[in-house]
Amino acid sequence: MLLSSRPWSLSSPPLRVPSPISTSSMTPPHSTSLGDVHFGIRPSSTSLGTEGPSKANKWLFFQLCPLLTLGLPKILEELFLHTFPLPSFLAKSDYKDLYGYFSSAAASVLDTAEKLGLSREEACHNLLFTTIFNSYGGAKVLFPGILKCLALAHPRLHSRLAEEIRSVVKAEGGKVTLAAIEKMELTKSVVYEALRMDPPVKFQYGKAKHDLVIESHDARYKVSKGEMIFGYQPLATQDTKVFENGGEFVGDRFVGNEGKKLLKHVLWSNGHETESPTVRNKQCAGKDFVILVGRLLVVEFFLRYDTFTAEVGTIMFGSQVTFTSLTKATSSG
Ligand code: HEM
């Protein structure tokens with residue numbers, strides 16, 4: 001499968017970014033391009049106009065506000081964001097417009113859903129949810145998270161990535177293919193490591209469906225049916241008993257045979273990285289897609305640039321990365 005094909009050999013001196021570009025203002029693969037990619041119809045060419053992203057953001061805010069911190073006094077945030085659901089009528093008309101887009105742009109997908117015995121309406125709500133919440137919302141957290149890890153890493157890692165990516169792409173005739181990405185050991189490792197250090201979904205809740213015992217390295221905890229369980233992913237993914245220097249970003253951690261053995265402890269998808277989602281295990285259904293787009297981000301970035309510097313902060317529930325310098329690619333691998 002061909003993912004991109006274009007001239008990628010660039011040569012020019014380092015470039016200071018005149019006005020810093022921030023990941024909160026950069027355009028992720030927002031609902032416009034996602035709509036185009038999934039259904040072949042750009043939302044901006046429909047009655048949604050250019051308002052697709054703002055409507056999607058508003059609806060997302062209503063979904064995610066229990067997790068948000070806006071920097072307001074704690075008492076206000078707890079009361080207005082974290083205690084009661086926000087009244088849904090405030091987002092209803094935006095949702096209706098988004099639904100309208102999906103229901104006509106994805107008509108052929110909905111035809112298939114009907115043939116499979118699903119209700120057209122239910123399938124459309126689900127399609128909207130996976131596109132805007134999982135894909136768009138996920139990318140808004142995933143991409144800045146990967147860039148943050150790269151920004152904080154040693155520039156030597158940037159040169160190693162550029163070297164790997166460009167030499168593999170060159171060997172593939174200048175094309176970014178799935179087979180080429182599969183050969184990029186370091187690139188793959190960097191994406192796994194970013195997801196290990198900074199899993200985009202950190203908090204998880206669930207009610208125990210039956211009595212169970214949860215074990216840690218040195219203790220066992222009885223949980224009774226009906227009890228609410230809360231999990232904080234970084235506690236598991238940065239466990240120093242499993243990962244040497246577990247709290248540190250080590251770009252090549254998953255390279256080589258020994259590195260690969262650690263993959264089963266990468267848990268961002270609500271399951272082990274070595275397992276696959278099924279209808280029974282509640283693992284992220286977009287797991288492989290997420291890994292692929294994460295790798296593509298790194299590949300496309302280091303085909304264009306040798307290195308970069310950035311300021312790193314936090315915004316809402318993710319990282320904010322503000323580029324302060326970009327050095328254009330000086331070699332073709
Ligand atoms: C960076 C992006 C993403 C992250 C971090 C992520 C993470 C997760 C996590 C942690 C869960 C488990 C939630 C729970 O039950 O506690 C989950 C479930 C799920 N994800 Fe993702 N996801 C992402 C993108 C996607 C995409 C792109 C899709 C599909 C297009 C998708 C589809 C799903 C579905 C359908 C489930 C529910 C699975 C089930 O309950 O059986 N996700 N995801």
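## A tour from F203 to the ligand

Start by selecting F203: setting aside residues within four places of F203 in sequence, its contacts are L67 and Y232. Keep in mind as you look around that this is a predicted model.

Stay on F203 for a moment and colour its strand. F203 belongs to strand 4, which covers residues 203–207. Is F203 buried or exposed? It counts as exposed, because 12 C-beta neighbours lie inside 10 Å and a residue with 12 or fewer is classed that way. Now add Q233 to the selection and draw a C-alpha to C-alpha distance: F203 and Q233 are 6.5 Å apart in space, although 30 residues separate them in sequence.

Next, bring in the partner strand. Select residues 228–232, which form strand 7. Strands 4 and 7 run antiparallel, and 5 bridges join them. To see one pairing, pick K207, which stands opposite M228 in strand 7. How many of the 5 residues of strand 7 are buried? The number is 0, so strand 7 lies largely in the open.

Finally, move over to the ligand and show the residues around it. There are 17 of them, and those that come nearest are N134, G138, N270, C284 and G286. Two elements give two or more residues to this shell: helix 6 (120–152) and helix 12 (287–304). Helix 6 gives the most, with 5 residues. If you colour the shell around the ligand by residue class, you should find 8 nonpolar residues, 8 polar and 1 charged.

How values were computed: Residues are numbered from 1 along each chain as its sequence is written. This is a predicted model: local features need pLDDT of at least 70, side-chain atom pairs count only at pLDDT 80 or more; totals for chains, interfaces and linings use all residues. A residue is buried if 20 or more other C-beta atoms lie within 10 Å of its own, exposed if 12 or fewer, and partly exposed in between; C-beta atoms are placed from the backbone. Helices (H or I, at least four residues) and strands (E, at least two) are DSSP runs, numbered from the N terminus. Two strands pair if DSSP finds at least two bridges between them. A residue is near a molecule or strand if its C-beta atom, placed from the backbone, lies within 6 Å of it. Ala, Val, Leu, Ile, Met, Phe, Trp, Tyr, Cys and Pro count as nonpolar, Asp, Glu, Lys and Arg as charged, and the others, Gly among them, as polar. Two residues are in contact if their C-beta atoms, placed from the backbone, lie within 7 Å.
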